[in-house]
Amino acid sequence: MARAFLIVMDSVGIGGAPDAAAFGDAGSNTLGHIAAACAAGRAEVGRSGPLRLPHLDALGLGAACRLASGAEVPGLTAVPRGFWGAASEVSPGKDTPSGHWELAGVPVPWDWTYFPDTQPAFPPDLVARVCALAGTDGILGNCHASGTAIIDRLGAEHLRTGWPICYTSADSVFQIAAHEEAFGLERLIALCQALAPSLHAMKVGRVIARPFVGAPGSFARTANRRDFAIAPPAPTLLDWAAGAGRVTHAIGKIGDIFSHRGISRLHKGKDDAALFDHLDRLVAEAEPGSLTFANFVEFDSLYGHRRDVSGYARALERFDARAGAFLARLQPGDLALFTADHGNDPTFPGTEHTRERVPVLIAGKGAGEIGLCAFTDVATSLAAHLDIPAQGPGRSFL
């Protein structure tokens with residue numbers, strides 16, 4: 001039986017979203033602008049020269065970016081040997097759940113709740129609820145912030161008061177940072193889990209536990225993050241596969257994004273390198289007819305939000321090298337599809353996601369052009385490959 005591997009390169013957008021201006025993102029192009037910066041010698045920290053992604057470019061990455069945005073992509077000029085295209089999103093958000101759900105066949109049918117970029121950002125009743133659950137007299141933060149910056153700024157006060165650090169972003173998210181030892185990791189996770197249902201009822205997409213360790217001047221977030229995401233409003237590709245009796249493997253934060261629905265086995269790791277180890281193992285071991293769904297988050301979390309062009313380019317080149325070894329191990333009948341969930345252009349103003357088209361790069365189906373397609377077409381196409389019924393609005397491009 002055929003196997004499928006759906007691999008999300010978190011935030012590797014390719015520009016050209018038809019509704020980018022409505023999100024304040026006209027002209028954004030994560031991949032295109034990184035490639036341009038590399039070619040111009042503006043991404044030289046830890047690497048040098050034009051962006052080198054020979055394996056993904058051979059599948060059609062450069063061609064997909066040119067199709068999506070009309071822009072040249074310096075260094076990515078290969079004639080595609082894969083099956084390639086560019087996908088557009090219709091969900092009213094440029095966040096992780098929206099992108100992943102729609103790739104899995106379910107567009108978001110509601111408007112997310114976003115907290116205002118004011119201080120305080122949260123309504124008094126929500127603050128009171130957090131305090132009651134945490135057993136504290138107050139919270140710290142109560143604003144829009146970068147996770148690493150707010151820990152550096154408020155970590156010492158958190159240790160002194162014991163109050164949780166609460167913050168948000170341009171995404172529909174409520175994040176709580178706390179010291180793993182002084183506040184307690186289990187206490188932090190229990191707090192977020194207890195708070196999540198009321199926030200989900202408000203259509204806030206995720207409540208995220210952000211544990212950290214260390215002392216003032218040397219605080220560091222740990223790998224024990226937990227996301228409590230609102231459940232998808234309809235069965236997704238994972239549910240379709242599980243309902244057809246197939247084994248489903250979730251690598252990285254896929255389990256959290258889909259509220260652990262339709263998932264047979266979960267594979268976590270401390271970083272993207274460890275997550276790729278799972279992918280390498282599963283390409284050898286995954287069951288016939290299985291679906292493996294992987295997310296690689298560090299493009300977004302470590303480099304996009306921090307507007308680190310060199311770091312993003314280094315991460316892309318490391319990923320491409322591992323992708324080449326993975327592709328060489330695919331078995332007859334396997335399909336591997338590389339895509340993204342949104343953009344996060346490190347050259348763009350601000351620190352948030354950008355509304356962009358995403359690449360659709362397929363190994364295992366020969367060479368050819370898909371053209372412009374929809375996020376939901378990814379789920380329908382993978383269902384067709386796996387020979388299981390599709391329940392979403394997409395069409396198969398296979």
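**Helix packing and local environments in the predicted model**

In this predicted model, helix H1 (residues 30–39) packs against helix H12 (residues 309–327) at an angle of about 105 degrees, the two axes lying 10 Å apart. Because angles of 65 to 115 degrees count as roughly perpendicular, H1 is described as roughly perpendicular to H12. On the H1 side the contact is formed by Thr30, Leu31, Ile34, Ala37 and Cys38, which meet Val309, Tyr312, Ala313 and Leu316 of H12. By residue class, the contact of H1 with H12 comprises 8 nonpolar residues and 1 polar residue, with no charged residue.

According to the UniProt record, an unreviewed entry, the annotation "domain: Metalloenzyme" covers residues 3–368. In the model, the end C-alpha atoms of this span, residues 3–368, lie 20 Å apart, and the span is 36% helix and 18% strand.

Two further residues were examined individually. Ser381 is located in helix H13 (residues 375–386) and is buried, since its relative accessible area is 1%, against a cut-off for burial of under 20%. The side chain of Ser381 reaches the backbone oxygen of Asp377 at 2.7 Å, and, when neighbours within four places in sequence are left aside, Ser381 is in contact with Arg395, Ser396, Phe397 and Leu398. Thr161, which is found in helix H6 (residues 147–161), has a relative accessible area of 26% and is therefore partly exposed. Thr161 is separated from Glu89 by 72 residues in sequence and, C-alpha to C-alpha, by 43 Å in space.

Key. Residues numbered from 1 in each chain as written. Predicted model: local features only at pLDDT ≥ 70, side-chain atom pairs only at ≥ 80, totals over all residues. Heavy atoms only, no water. UniProt positions renumbered as here; feature names shortened; annotations may be inferred. Helix = DSSP H or I, 4+ residues; strand = E, 2+ residues; numbered from the N terminus. Buried < 20%, exposed > 50% of the residue type's maximum accessible area, 1.4 Å probe, protein only. Polar contact = N/O pair within 3.5 Å; in protein donor to acceptor, adjacent residues only side chain to side chain. Contact = heavy atoms within 4.5 Å. Axes fitted to C-alpha atoms, helices over the stretch in contact; angles between N-to-C directions. Parallel < 35°, antiparallel > 145°, perpendicular 65-115°, else oblique. Nonpolar A, V, L, I, M, F, W, Y, C, P; charged D, E, K, R; others polar.
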